[in-house]
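Student: I would like a close look at a single part of this model, namely the salt bridges and the surroundings in which they sit. Please give one connected account, and extend it to the contacts between chains.

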Amino acid sequence: MNAARAGITPIAWLIAPSALLFALFFFLPMGLMAMISLLTGNPVVQPNVEFTTKYYRRILDDIYYFEVIWTTLRIGLLTTLAALLIGYPLAHLMARVRGRTAYAMLMMAVLTPMLTGIVVRTFAWMALLSDKGAINQGLIGLGLISKPLPLMYNEFSIVLGLTHIYVPYMVLTLVGVIGRIDERLEHAAQNLGASPLRAFLEVTLPLSLPGILAGSLLVFALAISAYVTPILMGGFQIMTLPMLIYQQISSSFNVGFAAALGMVLLTISLVLVIAYNRILGLVSGQRDLQ
Amino acid sequence: MISAPSTPRLTLRLGRFCYLALNAAVVVFLLAPIVIVFVFALNPTPYIQFPPVGVSLRWFEKFFASRDFMNALWLSLEVAAMTTIAATLFGASAALALARGGLPGSRVITAIMLSPLMLPAILTGLALFQSYVLLDVGRPLWGLVLGHTLVSIPYVVRTTLAVLQNFDTRLEEAACNLGAGPLRTYFEVTLPLTKPGVMAGAVFAFIVSFDQFPVSLFLVSPGRETLPITLFNYLKFDLDGTIGAASVVSILLAVLVVFGLDRTVGLRSYAKL
Amino acid sequence: MTTRLPLNRRQFLATSAAAGIGAIAAPHIARAEAATLRITGWGGKWGQTMSSELIPAFEKEFKCKVETDSAFPYLPKLQASPRSAPVYDVLHTNSNEQWAALEMGIVEAKIDARQVPNIADVYPYAVSDKMVGVCIFTSAIGLGMRTDKGYGKISSWKDLWDRAHDGGRGGYVIPVNSLGQAFLMMSGALFGKGMTDLDAAYAAMEKLKPIKLVDFTGTMEKMILSGEVGLAVIHDSGILRYDGQNQPTTFVAPSEGVLSLEQVLTLTPGTKVRELANAYVNYMLRPNVQKTLAESVWYSPANSKVKLDDKYNEKLLTTPEKVAKLIQPDWKWYNARKDEIDSRVNRIFRA
């Protein structure tokens, strides 16, 4: 048995620098935001502030905010599903491919979109999906349609844009997990008469479940916090929680309300992390792969 | 006992074809916008237009001639480099402590370490800005790096933890059995095998920092903006191909980074452990 | 001997401390000559003209350094900084935001005319009671149109509601854009009892769909240029600045009147470089500076003494008669209701 299992070892001290960093520069500021969500003003710059729950009451009173929350979650779910369906095959290929060059090229295809930058990539989707963009002009030019399809400024384009940005995250998470599944298990299944598809469904897929859950959680968390892409792709006609928060900060100057909305988002996310941990513990029966 | 007949050759071939075709479609999906961006960078018209009218390098000229863009590109690279180093040091040490330190409530601590991912980065940026105001430090460069580091650490922690937790501990036990003390085991067995996970995290940290927008929004100071901010502002006023030129440059940088990593660390290595 | 030593040591320590502080402080004192003025400013053409010509000239004349923040939004940053050490000395933004800033107490209501003599020459609208600080430029908000879509004669605001424009109508995200907000108020006047008739305005907005919404005029300019949008709410500068490029676009000043989109400067109460800040406001009101900027971005100068070249004079608002027609929205009234208006329009315009 590993000696480390017995209790706290000296290695535990390595947590100290991060703990300090987080305490000072994450929790204190976040605590400040949580406080602001319960005060009438910003205590740092205003002298007389009082305790209030008006921001939270505003959220609860108006069904519009529940719609915004639901829209945010829905977009997150759709993006996660799409990223999974698109990312899994590629991750599987990358984990199993033989040649070093082939692997490097696939890795390049995955990493390049990530390094292009969120603003530019969204702009590229605008160039593809808008009425004067490549797809519509191409289809019109080929005579397949006469009026441009409304591909932009709706939930479809937001999910598409977000999926494109987050598929690499999903792929990179899955590659490691799938790579660790011993191929001989698949071969064994096939030797026993299973088709490759069945071997995949009954051996590989279940074993990659921890990776699926890890990747899904990451993409979901990122998708519900995203704001550049929904703004540029949705034309403000779809309102997500981060967009509302940004709007409250930048044009309503209502930091208290923005902070309250932010706390709601944080709570949702924390609930998800905890739920995920539980499910993973039940499903895989191994140590969690956070 | 053999339970079912094996699949006919044709179905196998078809299945393999579908598999490859699906992957090809995915790659096209990933790269299509990049191609568009290239087209844009070379099309001389200063707004979105298809089909492109020609090939011109004017946007590249504009990009490289623009002091704002060059400063922003340089700053982004600087900040990303510093963030990568910081995030890797903080994150890897934290992951090691969480996986091997036997800390009580390590699950909760891990969740906490990952929480900067969950909160909208714009709130993180605003909260940090408020804190800097409180500390009366203005908007210094280290403040920006700190913000980036905070949102990058979760990635390093994730990838390093993933490696550590799926580690074949028998290797460490074998080392112990052969007489190595805990410290030596860590340095000569654990750490080298953890390296791919740490490197993967470092790559994420670099990418996240280079592409970071909402945190930077509040923490950049005039004249010292990162590239995504400059691009976003530029988009408000000018929707021309300079953005395309900027991205082409970023992509070429990316290719260099990936190649470099492949040669030094070997990207393959963190796929199979 | 022993009694003298502590004294000497203390004196010595005190003197060297003073010398040390002096040595450290000296460069600061010397640098204090080169004070820093922190302002905000737009990017694009405005930013280029400022950074290439006007700011360097100002820095030279007043022996200072100017830092321009062009990362919009500005107000949240100003709001978050302490009153005694504001993050900007001069705030340049539109009227609606200046009023909101005034409500928050982070900008000063009026410019000191004694420190800014050029203010005496501005048109009445630039210092009216609907104005915080001073307006340095204005534009007319009206309709921008593509001439190649066969739309025919557009002369009224109400033409925007014509169903013929369903595929190419352009507007703004009202919560974040002042043109959108001014337009909302205008709709109340067009279809209801006046600019404060919100119910009529909301009903009008419902009928405006489908419409493509953007959050910034720069984006709208590009949408019109690329043909994505055929008829949109925009200020004259957004169309006129492409003059000479043979674009099939034109600006229409609707018969019911044009609204003013104002570029406004205010000082922050806690500024440490008040003299310099006032000098900057004065500089921006100088006729030659006004002329340079007006001709580069097609804004109408607030200084009545400015003489623009003919081609600009024709199209911009440069006479008392022309500027008298500008409708100045009541931003104080609007800002007081902004939250409920935003909630309502967010709901109207969701897809």
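Tutor: C:Arg169 counts as buried, because its relative accessibility is 0% in this predicted model. Its side chain meets that of C:Asp166 in a salt bridge, with 3.0 Å from N to O. C:Asp166, by contrast, has a relative accessibility of 27% and therefore counts as partly exposed. The pair does not stand alone: salt bridges that share partners join C:Arg163, C:Asp166 and C:Arg169 into one network. As a general matter, side chains of opposite charge can pair when their charged atoms come close.

A second salt bridge of chain C links C:Arg38 with C:Asp89, where the closest N and O atoms are 3.4 Å apart. C:Arg38 belongs to strand E1 (residues 35–40) of chain C, while C:Asp89 is in the loop between H3 and strand E3 (90–94) of chain C, so this pair ties together parts that are 51 residues apart in sequence. The two partners fall into separate accessibility classes: C:Arg38, at 27% relative accessibility, is partly exposed, whereas C:Asp89, at 2%, is buried.

A third salt bridge is formed by A:Asp62 and C:Arg347, whose closest N and O atoms are 3.0 Å apart. This pair crosses between chains: A:Asp62 is in the loop between helix H2 (54–61) and helix H3 (63–96) of chain A, and C:Arg347 is in helix H14 (residues 338–349) of chain C. C:Arg347 counts as partly exposed because its relative accessibility is 27%. Over all chains, the count of salt bridges comes to 21.

Chains A and C also meet through an uncharged pair. The side chains of A:Gln247 and C:Asn346 are joined by a polar contact of 3.3 Å. A:Gln247 is placed in helix H12 (residues 241–250) of chain A, and its 2% relative accessibility is why this residue counts as buried. Leaving aside residues up to four places away in sequence, A:Gln247 touches A:Met239 and A:Ser252 as well as C:Pro175, C:Val176 and C:Asn346.

The interface of chain C and chain B can be set beside these pairs. Across this interface the rule finds zero salt bridges, and the count of residue pairs in polar contact, with both residues at pLDDT 80 or more, is also zero. Strand E2 (64–69), helix H3 (75–80) and helix H7 (217–226) of chain C each give two or more residues to the side that touches chain B. The largest share of that side, five residues, comes from H7(C). By residue class, the side of chain C that touches chain B divides into nine nonpolar, nine polar and five charged residues. Chain C and chain B bury about 1900 Å² between them, and 62% of this area is on carbon and sulfur atoms. On the chain C side, C:Lys77, C:Ala80 and C:Lys222 lose the most area to chain B, together 27% of what that side buries.

The nonpolar core completes the account. The largest such core has 283 residues, of which C:Leu37, C:Trp46, C:Tyr280 and C:Met284 touch the most other members. Its largest share, 14 residues, comes from helix H7 (residues 155–180) of chain A. Not counting residues up to four places away in sequence, C:Trp46 touches C:Gly41, C:His92, C:Ile136, C:Phe137, C:Met284, C:Leu293, C:Val297 and C:Tyr299.

Conventions
Residues are numbered from 1 along each chain as its sequence is written. Chains are lettered from A and ligands numbered from 1 in the order in which they are written. This is a predicted model: local features need pLDDT of at least 70, side-chain atom pairs count only at pLDDT 80 or more; totals for chains, interfaces and linings use all residues. Side-chain values use heavy atoms; hydrogens and water are left out. Buried area is the accessible area (1.4 Å probe) that two parts lose on being put together, summed over both. A salt bridge is a side-chain nitrogen of Lys or Arg within 4 Å of a carboxyl oxygen of Asp or Glu. A polar contact is a pair of N or O atoms within 3.5 Å; within protein, one must be able to donate a hydrogen and the other to accept it, and residues adjacent in sequence count only if both atoms are side-chain atoms. Helices (H or I, at least four residues) and strands (E, at least two) are DSSP runs, numbered from the N terminus. Ala, Val, Leu, Ile, Met, Phe, Trp, Tyr, Cys and Pro count as nonpolar, Asp, Glu, Lys and Arg as charged, and the others, Gly among them, as polar. A nonpolar core is a set of buried Ala, Val, Leu, Ile, Met, Phe, Trp, Tyr and Cys residues joined through side-chain atoms within 4.5 Å. Buried means under 20% relative accessible area, exposed over 50%, partly exposed in between (1.4 Å probe, protein chains only). Contact means heavy atoms within 4.5 Å.
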